[in-house]
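Student: Please pick one part of this model and take me through it closely. I'd like to see which pieces sit beside which, and what the side chains are up to.

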Amino acid sequence: ITLRHLLSHTAGFEERLGDLFMDPERDVPPLGQALADPPEQIFAPGTTPAYSNYGNALAGYVVERVSGMEFADYAATHIFEPLGMDTATLAQPLPEELAGQMAAGYHHRGSEPVPFEHVGIPPAGSMSAAAPDMSAFMLAHLGFDPTDDDGEAAPAFLSPESVHAMQQPAFGEETLGGLAAGPRTALGWYEVDRNGHRIVGHGGDTVAFHAELQIYPEEGTGSTWR
């Protein structure tokens, strides 16, 4: 299994939801401890796109081991701060200065608000952020510097080569076989074709919230909502 497999959800792991969302009264364990019991590998790597929260979190753990920083701190230092994403955080629970800005989520209309949801393997989905900060993230993946007020194209955060590499299908027919004829996974993105437009995007769900970010690379635009 390689990082390319982990980032494109082709490592072959079965998916399981146990402890993905944790009781807020419990402490979220260190990432290495949370990942100590891996799921079964049911596909050969690179052959079958199959969403894996575990695989995504394992890629985050590689970042921890290589950088010597907890993933939440690494993301804050190397992604959120350079992009001016002031409300973005992977902290669980939210820091006091952000907790008051959190929208209320519900199980259904008329239910009581859902308490802040704790993710047991944080890199797989524990980020909280306001929509403008996700727009800044989107602009960086379109080759713009979101901190530059004049909107001029600038490879300040990601080089054009990195943007291109991340948005291309990670594997082709040589390993995927007939699956390569359909929508594929890129590095951190899904590939979608809609009304003749190529889209790369990613959504996210908790019990109470849904988010979606979609980029139209050829048109140089995109959308984000939560």
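Tutor: Let's start with what pairing means: two strands pair if DSSP finds at least two bridges between them. The strands themselves, and the helices, are DSSP runs numbered from the N terminus, with E over at least two residues for a strand and H or I over at least four for a helix. Bear in mind that this is a predicted model, so local features need pLDDT of at least 70 and side-chain atom pairs count only at pLDDT 80 or more, while totals for chains, interfaces and linings use all residues. Residues are numbered from 1 along each chain as its sequence is written, and side-chain values use heavy atoms, with hydrogens and water left out.

I'd go for the open sheet of four strands, in the order β5-β6-β7-β8, with antiparallel pairing. Its edges are β5 (190–194) and β8, each of which pairs on one side only. On average, neighbouring strands here are turned by 25 degrees against each other, direction ignored. For angles like that, axes are lines fitted to C-alpha atoms (for helices, over the stretch in contact), and the angles run from 0 to 180 degrees between N-to-C directions.

Now walk across the sheet. Between β5 and β6 there is a loop, and Asn195 is in it. Asn195 is a bit of an oddity: its phi is positive, about 55 degrees, although it is not a glycine. Is Asn195 buried or exposed? Its relative accessible area is 74%, so Asn195 is exposed. The cut-offs behind those words: buried is under 20% relative accessible area, exposed is over 50%, and partly exposed lies in between, using a 1.4 Å probe and protein chains only.

Next come β6 and β7, which run antiparallel and are joined by six bridges. One pairing to find on screen is Asp205, whose bridge partner in β7 is His210. On this sheet you'll also see α6 packed, touching β7 and β8, with its direction about 30 degrees from that of β7. Contact here means heavy atoms within 4.5 Å.

Helix α6 covers residues 131–141, and Pro132 belongs to it. With 60% relative accessibility, Pro132 counts as exposed. Put your cursor on its C-alpha and then on that of Thr224: the two are 8.7 Å apart in space, though 92 residues separate them in sequence.

Thr224 takes us to β8, where it stands opposite Leu213. Strands β7 (residues 210–216) and β8 (residues 221–225) run antiparallel, with five bridges joining them. Their hairpin has four residues between the strands, and in it Gly220 takes a positive phi near 65 degrees.

Finally, the charged side chains. How many salt bridges does a search of the whole structure find? Three turn up, where a salt bridge is a side-chain nitrogen of Lys or Arg within 4 Å of a carboxyl oxygen of Asp or Glu. Glu191 and Arg198 form one of them, at 3.0 Å from N to O, and both of these residues are buried. Arg198 also meets Glu218 in a salt bridge, at 3.8 Å, N to O. That second pair links distant parts of the chain: Arg198 lies in strand β6 (residues 197–205) and Glu218 in the loop between β7 and β8, 20 residues apart. Arg198 has a relative accessible area of 17%, so it falls on the buried side, whereas Glu218 counts as exposed because its relative accessibility is 57%. Taken together, Glu191, Arg198 and Glu218 are linked in a network of salt bridges.

For contrast, try the salt bridge between the side chains of Arg16 and Asp37, at 4.0 Å, N to O. This pair, too, links distant parts of the chain, with Arg16 in the loop between α1 and β1 (21–22) and Asp37 in the loop between α2 and α3, 21 residues apart. Arg16, at 35% relative accessibility, counts as partly exposed, and Asp37, at 54%, counts as exposed.
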